[in-house]
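Me: I am new to this structure. Please take me through one stretch of the chain, step by step, in short sentences.

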Amino acid sequence: MKVVRCETVDIDNPAYAEIVSEGKILPHVREPEGPFGGFPKYYGPRSDKEVIEITAVTHRNNQIFYTIVLAGYEHLLLGGIPHEASLLQSIRQTVPSVKAVHMIPGGTCRYHAIVSINKRNEGEAKNAIIAALANSFDIKYVVVTDEEIDIFDMEEVEWAIATRFQADRDLVVVHEAQNSKLDPSTRNGVGSKMGFDCTISLDSEEMQYLRVQIPGYNECLDNYINPDKLIQSVHLEGDIYF
């Protein structure tokens, strides 16, 4: 990467940076800042923060200044995607059979995690819950499902909770844990966390969790909802019999 020396401080910076602000962080100086909106979709409290004394601002011709609309999908997803990668790597150290993770937008892509595993031993789902909760103090709610559940479809996830979860044996609760201070429901960042083991028992009966499948149902439903596709299919394939 090409770099150039700053104008007023003895530091190099990327030569093609859009905008460079130079300055000094003043020691032992704090000034009130905020309130600002955050990813939980609430305003954070006003608080004392460090002060930067700007000594120069340089920029390219026709520079681009990019900002993010707070508390929207752009804000949530830009933070959630790297959290998913970190979470997957962390859980894999404890449960190697983990298949995928998803930080759902309903949990602001920080607080709620859905985890898919290829369960091989009893207890793995609860280990995955513990590993997920330990990955980040932000995470407060974890659902672990079998790999055939589409964790990117919340209707599928809710169905797994509805039909594969019993609170007396499948619920993990941790009280008085460190949480996000931006979560207004916590007590200054201290609260409870929970996990849902929605995996099927390995010794369950063969028919106990056999999903209903109707041959051709999805295709017929898709043609009913999208009749243009059916007409196109008739033109391409000839007669269709019902």
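What follows is a close look at strand 3, strand 4 and the loops beside them.

Reply: A word on the source comes before the details. This model is predicted.

Begin with the two strands. Strand 3 covers 19–33, and strand 4 covers 47–59. Both supply residues to a nonpolar patch on the surface, at least two from each strand. The patch has six names to find: Ile 19, Ile 25, Ile 52, Ile 54, Val 57 and Phe 65. Together they offer about 630 Å² of accessible area. Strand 4 gives the largest share, with three residues.

Pick one member of the patch, Ile 54. Ile 54 sits in strand 4. Is Ile 54 buried, partly exposed or exposed? Its relative accessible area is 48%. Buried would need a value under 20%, and exposed a value over 50%, so Ile 54 counts as partly exposed.

Now go back to strand 3 and find His 28. The phi of His 28 is near 60°. That is a positive value in a residue that is not glycine. Most residues other than glycine have a negative phi. His 28 also has 81% relative accessibility. The cut-off for exposed is over 50%, so His 28 counts as exposed.

Next comes the loop between strand 3 and strand 4, where Pro 35 is found. Look at the peptide bond from Gly 34 to Pro 35. That bond is cis, with omega near 5°. Most peptide bonds are trans.

Gly 34 and Pro 35 have a second role, as both line the largest pocket. About 220 Å³ of space lies in this pocket. Which other residues line the largest pocket? Glu 33, Phe 36, Gly 44, Pro 45, Ser 47 and Lys 49 do, along with Lys 181 and Leu 182. By class, the lining is mixed: four residues are nonpolar, three are polar and three are charged.

Finish past strand 4, in the loop that leads to helix 1 (73–94). Asn 62 has its place in that loop. Asn 62 has a phi near 55°, again positive in a residue other than glycine. Its relative accessibility is 74%. That value is over 50%, so Asn 62 counts as exposed.

To retrace the path, look for the nonpolar patch on the surface, then His 28 in strand 3. Move on to the cis bond from Gly 34 to Pro 35 and the lining of the largest pocket. End at Asn 62, in the loop between strand 4 and helix 1.

Key. Residues are numbered from 1 along each chain as its sequence is written. This is a predicted model: local features need pLDDT of at least 70, side-chain atom pairs count only at pLDDT 80 or more; totals for chains, interfaces and linings use all residues. Side-chain values use heavy atoms; hydrogens and water are left out. Patches are made of residues with over 30% relative accessible area and no salt bridge: like charges are joined within 9 Å, nonpolar side chains (Val, Leu, Ile, Met, Phe, Trp, Tyr) within 5 Å. Accessible areas come from the Shrake-Rupley method with a 1.4 Å probe; for residues, only the protein chains shown count as cover. A salt bridge is a side-chain nitrogen of Lys or Arg within 4 Å of a carboxyl oxygen of Asp or Glu. Helices (H or I, at least four residues) and strands (E, at least two) are DSSP runs, numbered from the N terminus. Buried means under 20% relative accessible area, exposed over 50%, partly exposed in between (1.4 Å probe, protein chains only). On a 1 Å grid over the protein atoms alone, a cavity is a set of points where a 1.4 Å probe fits but cannot get out, and a pocket is an open set with protein on both sides within 12 Å along at least five of seven lines; lining residues have an atom within 4 Å of a point. Grid points are joined across faces, edges and corners, and a volume is the space filled by probe spheres set on the points. Ala, Val, Leu, Ile, Met, Phe, Trp, Tyr, Cys and Pro count as nonpolar, Asp, Glu, Lys and Arg as charged, and the others, Gly among them, as polar.
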